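This report describes one protein chain, shown below. It starts with a pair of strands and ends with the chain as a whole.

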Amino acid sequence: MAKEDRSVLGWFAFVVAITALALAMFGLRGGSTSSAASAAPASVDVTLTEFRFSPLMITLPVGGGTINISNTGTAVHTLTVPELGLKSGDINPGATAQLKVGAAAAAGMYTVICEIAGHAANGMTASLMIGGDAGGAEAAPPTTMTWQEMDRMMADVASQFPAKTEGHGGDLLAPTVLADGTKEFDLEAKIVKWEVAPGKLVDAWTYNGVVPAPEIHVNDGDKVRIVLKNSLPESTSLHLHGIRVPNSMDGVDPYTQPPIEPGGSFTYEFVAKGPAVGIYHSHHDAQVQVPNGLFGAFTIGEMPIPQVLQDQGFTKVDKSVNMVLNDAGTIGLSLNGKSFPATEPTTLKVGEVLEVNYLNEGLMAHPMHLHQPVGWIIAKDGVPLLEPTPGDTINVAPGERYTVIYKAEAPGVWAWHCHILNHAEGPTGMFGMVTALIVEA
């Protein structure tokens, strides 16, 4: 063989060897990467807040994985995938949870919602894509609605008001009058199915089976006796918020009394001092028991109307209502235990005077706004004001009570709602903390 031929063959062999080595190295790297990918757990982190999932597009590969959930908001939330039957259960503020998506979940797009009443309607929805890359990415939901569809949905919800639902809370609780004149009220704390909105049944923690609990009303100087039986699966206690009682009757276990264990009972006794607008609620595992429904109005006597308002024609109260606000727990965004369109309207005639006690048992402040008539605040936290304060939007913080009077001025259906707008209205219509004042000619 010629020297030139041997040189060409040698160069060819060198190139083949280098190519083989490169392919081998690429194959090793590719195999290593594939192995690492298959070994990595399929998971995605999702954050819940008011009222949003982040990311909006949650993606997992075929074969399922884990959704790691963190609630960084101030209200209870859930993460539910209805089409797959997956539910996280209630996740309290600051808490975390995991939701396992099984290997049987087929590739495709699924709707994700928060099941707390009003939250999904408020826009707390997202999408789960099975067959995408694990990790998730911010993206708009894959579908949008036209303005015509939005208008139709809004009109449909509005036409249902006031929708009929099972259960009515907040009615006056009649006492048993004992031989010495003591007014005795019997309460039972128990869990019942409660219809917050049409078709929306939740496990409510109640006094006497209703949300809010029955109103307890007494007069200044009355001797009061409350007997509470605990039929809950955990201990409880009863605190009279804003009502002057002896320390031993303050209902804060374990300091003022032992906890009322399941099956047990406790009797609270005191002399009513008023006028007062207060709340009775649990003070045991309160972040769960209270938002879930263990709250009711406790009123003593009547609030006086300041003379300056009497001179303007506010001579008497024609109708008085309590409006208990909530935004968390199983009840969610609600007025008196119901969410729009199941909230209850109030009816007046032109010239009549309405007295409203706003009582906030939620976890957030709510600026309550009644369209048309100017409101006059005549008492704060149950204390009468010497000078009334005007306000058409009254911000009620958690635990606060405001007594406000309104005079109906013009006929019509006047909207009445929380003015944090994503507590009241979204792209599918009104929801949550909305009702109406109906003024008749």
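In this predicted model, strand E17 (residues 276-282) pairs with E15 in the antiparallel sense, over four bridges. Strands (E) are DSSP runs of at least two residues and helices (H or I) are runs of at least four, both numbered from the N terminus. Two strands count as paired if DSSP finds at least two bridges between them. One bridge joins Leu240 to its partner Tyr280 in E17. Strands of a sheet pair through backbone hydrogen bonds, either parallel or antiparallel.

E15 and E17 belong to an open sheet of four strands, in the order E13-E18-E17-E15, with mixed pairing. Strand E13 (213-218) and strand E15 (238-241) are the edge strands, each pairing on one side only. From one strand to the next, the twist averages 20 degrees. The axes behind this angle are lines fitted to C-alpha atoms, for helices over the stretch in contact, and angles run from 0 to 180 degrees between N-to-C directions.

Residues are numbered from 1 along each chain as its sequence is written. Local features need pLDDT of at least 70 and side-chain atom pairs count only at pLDDT 80 or more, while totals for chains, interfaces and linings use all residues, and side-chain values use heavy atoms, with hydrogens and water left out.

Two residues are set out in the table. Buried means under 20% relative accessible area, exposed means over 50%, and partly exposed lies in between (1.4 Å probe, protein chains only).

| Residue | Place | Relative accessible area |
|---|---|---|
| His281 | strand E17 | 8%, buried |
| Thr428 | loop between strand E29 (425-426) and strand E30 (429-430) | 23%, partly exposed |

Contact means heavy atoms within 4.5 Å. Leaving aside neighbours within four places in sequence, His281 is in contact with residues including Tyr207, His239, His241, Phe295 and Glu361. The side chains of His281 and Glu361 are also joined by a polar contact of 2.6 Å. A polar contact is a pair of N or O atoms within 3.5 Å; within protein, one must be able to donate a hydrogen and the other to accept it, and residues adjacent in sequence count only if both atoms are side-chain atoms.

With the same neighbours left aside, Thr428 is in contact with Ala121, Met145, Met153, Met154 and Val157. The C-alpha atoms of Thr428 and Asn122 are 8.2 Å apart, although 306 residues separate the two along the chain.

The protein has four helices and 31 strands. Of its 441 residues, 47% count as buried.
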